[in-house]
Amino acid sequence: MSQFAGWEAVCACIGGSQEPELFPQDYLDEGQIDGLNALAASMKKHGAVLADEVGMGKTRIAVALALAVKRSGGRVAIVVPPVVAPQWRDEIIKAGESSKDMLRSFDGLMRDYETDGAARMDDALVILSHRFGDVRAQTSGKRWRADLLKLLVWNANRRIRKGCTLAERQMPGVKLAAGEIIRRAEHCHLTKSAVEKIVEQFQNLDSRAELDDLNSNCFKNQSPELKLLERTLGLALGPFDLIIIDEAHKSRGEYKKLSVLIDRVILSSDKTGRRLGLTATPVELDVWQWKSTLMRVCMSEPVWMSIEPAVLEYREAAEAARRRWRTDETAQSRYMTAAAKFHASLAPWVVRRDKRRDVTTILFNEHSPSGMSYRRQHPIEVQAGDLSPGWLRIVFAAEALSVIGQAAADTTAARARLTISNGHGVAGIIDKLASRRAGNSRHEDDEADRQQSAEDRAEDGVKASAELSFEEYGVRKRKQRADWWKKALSAPFDNGTESLLNHPVLSKVIVEIENYTRTGEKVLVFGRFTRPMRVLTDLLNARALLRAVRDGTPWPQEKTSDDDQGVLLAAAKQLEFDYDRKHVDDILTDAYRAFETHRQALRNHISSLIESGATDQTALLQAIARDTDPSTIVTPLARAAEPFLREDTSGSKISRKAVIGALINVTDALRERGEGSAQDDDKLDDLSANALWARLREGLIEEYGAPRASFARMLYGQTLPSTRRLVQLAFNRSESEPHVLIAQSMVGREGLNLHESCRIVILLHLEWNPGVVEQQIGRVDRKNSHWSRLLREAVDAGSREMPQIEIRPVIFRGTYDEHHWSVLSRRWDELRSQLHGFIASGSDRESLTEGDRRLLQSLEEGSPDFSPEPSSKT
C-alpha cells in the first residue's frame, strides 16, 4: 500500500541527496535534467504538461520522475497508446528498473487477480493502455464484468440485494478483486471513502431493479451504472500518486475512452495526487486546445477562466504580427505584450524544450549559413506538362465529372478530382467501371467505395449529402454526358491497379526515392490510402529486382511469380528493360544459389546452436533448440536474423555471440502482447519457454517461411505488431533491407523510432492536421539520429555542406492537391507560431534584408519560451 512521502521528497530525490543514484549517470542529458527539475517543482502545486518537441526524450524525463515517486514511496500509472508500450518498458529497463507488461483491458486485470492475486495493487509502476477503461459490460458474453460492481456493493453492505444478481458465467478474478477492494478499504481512507460513495450512488439508481435482468441494457455508454463500474475498476488497481499520460493531446472529448480512463477509472491519491501530460503538440489546430490539454492535468475551470484572456489575446496578436510584422509598429508592440502575458499564464503549468536548444541543432546553426534550417522542406511536384496523353484525358474527365455533379455522375465519380493526386479514388472508379463492363460488379467493392467516400468527406471537410434522384434534377442528358466522361476516364486502362502502375505521382516519387537510395540513403514514406501505397511498394521491388538481374547482383528470390507479371512488365517498360520471364528466372536462379551460399554460414551457426542444446543460453533459446522439427525453422530464423548481422560481419566469420544476439532480437520482436520481453527470459521455466516458442514459431514461419523481396516494405493497419517491430529493427540498420519503408499514417506516425539510418521523409498523401505531420517527421528527427551522426562527421571533416533532414511533400500542381497543401501550410505556420513563437513563415524568411532580420529576431526573442531554467553549475 502506498506510503507516499510527498513532492518535497520527490524533489529531494531528484536533487541527488539520496543514495544510490536515482538513475544511471548518462540516462539523462543536461537539458532533460533541467526539464525534470522544472516538472518536479510544478508538481509541488499541481499537474503539468511536458510538451518537448518530438524526439527530445520526453519518455526518459517522465520515467525519471516516475522513479523518484517510487523511491519516495508512491505509485505511478503510465497511460500509453498500446503501440508505444515496448518503448516505455525499454526505457524503464535502461533506467535500472523493471515493470510488468501493459494492462490492456478489464479482462487482463481480472486474469492477473486469478494468477497473482492483488499484486497489481502493490506495483509501484503500472503501464495501462489508453483503452484500458473500455468496459462494455452490456456486450453479449461480457456481462460478467458488471459483477465487479455488484460484488463490491454486496460485500460492503450485505443487506443490499436488489440489483446484485450475478451473471451466469462466473470469473474468479472478479470475486478476488472485489474482496481485495473491501479488505483495502479497512486500512485506506481514500478507498473506504470511494467505496461508500459507490454504494450510496448504487442504492439511489432509478433502474437498480433492472440490473437483476441480465438481458437489460443498463451498462450502456455514459449510463450511471457504467460510470459506477468504471470507478470500481479503478479501485481494483488501487490509488496512484502520479498519473503519466502519454500522447495527452489525443481523444480530448469528454466521452472519449482516454478521458473516461483518466477522469473516471484511475483513482488519484487525495491531496498529493498529480497528473503529467506528455505531448509534442499540446495544440494542433487552434489555441483553444490549450484548455483541454491543461484540464487533462487537472487545471480547474476558475484557473482556466483567469488565463483565458491572455491565451486568446496572444492568438489574435500573433496573427496580426504574422501578417504585418515588417510594417505595423502597433502590431509589433501588441505582440510583445501579449507574448509576455501568455508566457506568464502558462509557464507554471508547461515545460517545453524545442530543437533550437538541442545540442545537435546548435551545432548545425554554428556551421551553416545564417537563417538556414536543419530541416529542408522542398516539395516533389507533378506538373501538367509531366502527364502522358492518357493521364491528361483522365484529368480532363475528372474535372468534367465534377462539373456535371454527383446527381448524374454518382458521388465517387463527381469527387474524382479531389482524389486524383493520391490515385485511390480514380483507381476505384476505373475498377468499378471495368467490373461493370465485365458484368461482375461485387457488393464488397461497392461497399468499399462508400466507406472510402465517407472517409474522404471526413478528411477534406466536404459535407456529406444524400444522392438525390435523377428525376428530381431532370438530368437524363447530364447522366449521358457523365457516362461518356466515365468511359473517357477509364479508357486508357483495364483496371484501377493498372492505372496506378503509371500514375504520374507514383512515377515521380519513385524517381526521387531511387535517387536517394543510390547514394545509400534510406527513405521513409507516409501515406493514407493502402492501394497506391501497395502499388508503390510493388513497383519499387520490381524495379530493384530488374536492376539486380541487369547488373548481376544477388536477389533473395529464385524466380518470379505469376502474380508479379503485371508489375514486372510495367517496371520493365519504365526502365526500358527487355523483359523475358524465362530469361529473368534463369538469371535469378543462378544468382539465388550464390545468395544461399552466402547465407549458409548463418544457417550452419543456427543449426550448430540447436544441436548443442544451447544449454548456456536463455530458457527461450533452449526451447528453440528443443524444437521437434528443426529443419523447418533454421531457414526462417536465418532470414529473420540476417538483417541484424550484415553490419557486424559476413560469411563464415559470423561469431556465435553475434548469432545469439540476432536471435534474441528476432524473438523479442516476434512477441505479442502479454508475452514479456527478452529481459524476462531468465524467469521462464522449461514448460513456459516451450509454450512461448510454440506461439512465436507460428509468427516466424508466417513472416519468413518464404523468401520475399524487401527493398521496399509496407506497414499498414493489418500488419501484425510483431512484423512492425521486425521491420523497424531492420530499417534502423544501414546495411539491411528494407531501404524504403512505406507506412500508413495511423500505423507509423507514433511508437516507431525510425531515425537510426534515415533522414528523408516523403509525404505521399497530405494530411490536414500539422500536428500529425510533426509526428511523422519526428520518426526520423530524434536524439542520436542518422542525421545527427552525419552532421558531426561533416563538421569534423570541415565540410561546407551541412546535411539536413529532408521533408518532401508530394504536390500534384493544378489539382485539388494544391489547395490541400495551401491549407496545411497555413495551419502549419499557425502551429509554429503557437509552439515555437515563429512570426514569419518559411517563405517569408527566404528574402530578408538585414533590417528585416534584426526586427524579426527581436520579435521572436520576445516570443513565449517554456524552456526550463538551466541548472546552476558548481
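**Cores, sheet and aromatic pairs in a predicted model**

Leaving aside residues up to four places away in sequence, Met110 is in contact with Trp144, Leu148, Gly173, Val174, Ala177 and Ala236. The model described here is a predicted one. Met110 is also a good entry point to the interior, as it is listed with Phe106, Leu109, Leu128, Phe132 and Phe202 among the residues with the most contacts inside the largest nonpolar core, a set of 59 residues. The most generous contributor to this core is helix α10 (residues 224-237), which supplies seven residues. Apart from this core lies another, made of 58 residues, including Val297, Tyr374, Val780 and Ala794. In soluble globular proteins, nonpolar side chains tend to be buried together.

Turning to the strands, six of them form an open sheet with parallel pairing, and reading across gives the order β3-β2-β4-β5-β1-β6. The edges are taken by β3 (125-129) and β6 (350-351); each has a single partner strand, so one side of each is left without a neighbour in the sheet. Within the sheet, strand β4 (residues 242-246) and strand β5 (residues 274-278) run parallel and are joined by five bridges. Along this pairing, Ile245 stands opposite Gly277 of β5. The loop that connects α11 (257-265) with β5 contains Ser269. With a relative accessibility of 12%, Ser269 falls under the 20% limit and therefore counts as buried. Its contacts, again not counting residues up to four places away in sequence, are Leu190, Pro239, Phe240 and Asp241.

Helix α31 (residues 656-670) offers a simple check of geometry. At 1.5 Å a residue, its 15 residues should span 21 Å, and the C-alpha atoms at its ends are indeed 21 Å apart, so expectation and model agree. Buried positions in α31 are Ala658, Val659, Ile660, Ala662, Leu663, Val666, Thr667, Ala669 and Leu670.

Aromatic side chains deserve a look of their own. A pair of aromatic rings is described by the distance of the centres and the angle of the planes. The structure holds nine such pairs. In one of them, Phe4 and Trp7, the ring centres are 5.5 Å apart and the planes meet at 80 degrees, so the arrangement is edge-to-face. Both partners are buried: Phe4 has a relative accessibility of 17%, and Trp7 has one of 5%. For Tyr314 and Tyr335, the centres are 5.8 Å apart with the planes at 40 degrees, so this pair is tilted. Tyr314 belongs to helix α13 (residues 301-324) and Tyr335 to helix α14 (residues 329-346); the pair therefore ties together parts that are 21 residues apart in sequence. Tyr314 is buried, its relative accessible area being 0%, and Tyr335 likewise counts as buried at 0% relative accessibility. These two tyrosines form one aromatic cluster together with Trp290, Phe342 and Phe866.

Charged groups also meet rings in the model. The charged end of Arg534 sits over the ring of Tyr716, at 5.0 Å from the ring centre. Arg832, in turn, lies over the face of Trp828, and here the distance to the ring centre is 4.5 Å.

Key:
Residues numbered from 1 in each chain as written. Predicted model: local features only at pLDDT ≥ 70, side-chain atom pairs only at ≥ 80, totals over all residues. Heavy atoms only, no water. Pairing = 2+ DSSP bridges. Helix = DSSP H or I, 4+ residues; strand = E, 2+ residues; numbered from the N terminus. Core = buried A, V, L, I, M, F, W, Y, C linked by side-chain atoms within 4.5 Å. Buried < 20%, exposed > 50% of the residue type's maximum accessible area, 1.4 Å probe, protein only. Contact = heavy atoms within 4.5 Å. Expected span 1.5 Å × (residues − 1). Phe/Tyr/Trp six-rings, centres within 6.5 Å; stacked < 30°, edge-to-face > 60°. Lys NZ or Arg CZ within 6 Å of the ring centre and 35° of its normal.
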